[in-house]
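Hi there,

Here is the model I promised to pass on. Please have a look at it first, and then read on for what I found.

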Amino acid sequence: MMKNTRLLLIALCAAAIAVSASIATFSVGAEVIDSFTVNAPSAILIDADTGTVLYEQNSKEHRPVASMVKIMTLLLTFDAIDEGRLSPDDNISVSENASSMGGSQAFLDAHAEYNVGELIKAITIASANDACVAMAEHLSGSVDGFVSEMNAKAATLGMDDTNFVNCTGLPAPNQYSCAYDASVMFRALISHEAYFDYSKIWMFDFEHPSGRKTMLSNTNKLIRAYEGCDGGKTGFTNEAMYCLSATAERNGTRLISVVTGAQTSKGRNAEICKLFDFGFAHFETRQVVFGGVELENKFEARGSKEKAVGVAPESDGFLLTEKGNKSEITYAVEFDGNVALPLPAGSPVGKIIVYADGDPLLERALVTTGELTKPGYLDILDEIAKQW
């Protein structure tokens, strides 16, 4: 089988601001890469924090991905929760269309009202098609409307090799994705911490309003079989064969592995584990910037009542290195010039730049931790009095 395998040099997180300078690199050696193979048509391994591709094999080949389509369904659901348009405590009514879905399902009752949190649980754990359709209809008014939102979200994420036709992954003409795009949307999904409240559940009784119960179990067996695995989305159809996107974390390093088109469920799981083993053996992630943590540096603003204010990085920053790398990490803080007053807390006033062995790797915006205000008349008189 023709194989397209790459080990990429260190890359910045998609949210990072690139620095116009040479970028430090690492490599695990050609002999290691040449000896590593994945027994599946398509696969990818990425670092979850930075988005760096560590290994890929035909990762942009268009393929059906079965229920991995539900990664996007869940992503839009969690987006809606973050935006306040949906709450896990809400109840939604299930249509006849939703309750009639075949394949994996929670056996929802038509016209009954179900808790949103329980439906999310059914989708995440048991890949329930009926719960997906119920959620899609509730959020967008129709499945077609929701699918349009799925494709729009895919476009914003740069998923150029994906086209959604439904929200379940059931076979449909012209519905396809690829391992790379699956890793991108799964990375976006796990950025919602609430996802892990559901993904680690092994088995539960899904309770219906009528009082009956449906026992549902996690389709991702690796949460019990692989150390550190705490989330994933399986998929299978005769067309797509066995697919899986999964994530695992060890010692602060979180990886995402994707395999599509494996011949068996056991083989799919084995290849995902192989990818994780490869990643954890050779790479590690270090957090080098801590979002929201105030620095010792102060931003001084002449003409303000406060004179100076604390600053903190706007977001976290991570550095991916070859395991055992001993690069010296240093920092530089650069502040903007004069700012217009008043300045509310959370305003950008500069940046922090991270260096490894003198090479700039990434930067994050610095924002104020307090406000800066204009001095009033009494403040000016008090300042004059102090100078006497």
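Let me start with phenylalanine 299: its relative accessibility is 3%, so it counts as buried, the cut-off for that being under 20%. Do keep in mind that this is a predicted model.

Phenylalanine 299 sits in strand β12, which covers residues 298–300. Leaving aside residues up to four places away in sequence, phenylalanine 299 touches Lys307, Ala308, Val309, Val311, Phe335, Asp336, Gly337, Val339, Val349 and Leu372. Between phenylalanine 299 and valine 367 the C-alpha to C-alpha distance is 9.5 Å, although 68 residues separate them in sequence.

One of those contacts, Phe335, deserves its own paragraph. Phenylalanine 335 belongs to strand β15, residues 329–335. Is phenylalanine 335 buried or exposed? Neither label fits: it counts as partly exposed because its relative accessibility is 31%, and that class lies between 20% and 50%. With residues up to four places away in sequence again left out, its contacts are Asn297, Lys298, Phe299, Val311, Val349, Gly350 and Leu366. For leucine 366, which is 31 residues away along the chain, the C-alpha separation from phenylalanine 335 is 8.3 Å.

Now for the chain as a whole. It holds 11 helices and 17 strands, and 52% of its 388 residues are buried. Of the contacts between residues at least 6 apart in sequence, 64% link residues at least 24 apart. The exposed area comes to about 17500 Å², with carbon and sulfur atoms supplying 49% of it.

Happy to talk it over whenever suits you.

Best wishes

Key: Residues numbered from 1 in each chain as written. Predicted model: local features only at pLDDT ≥ 70, side-chain atom pairs only at ≥ 80, totals over all residues. Heavy atoms only, no water. Helix = DSSP H or I, 4+ residues; strand = E, 2+ residues; numbered from the N terminus. Buried < 20%, exposed > 50% of the residue type's maximum accessible area, 1.4 Å probe, protein only. Contact = heavy atoms within 4.5 Å. Areas by Shrake-Rupley, 256 points an atom, 1.4 Å probe, with all protein chains shown as cover.
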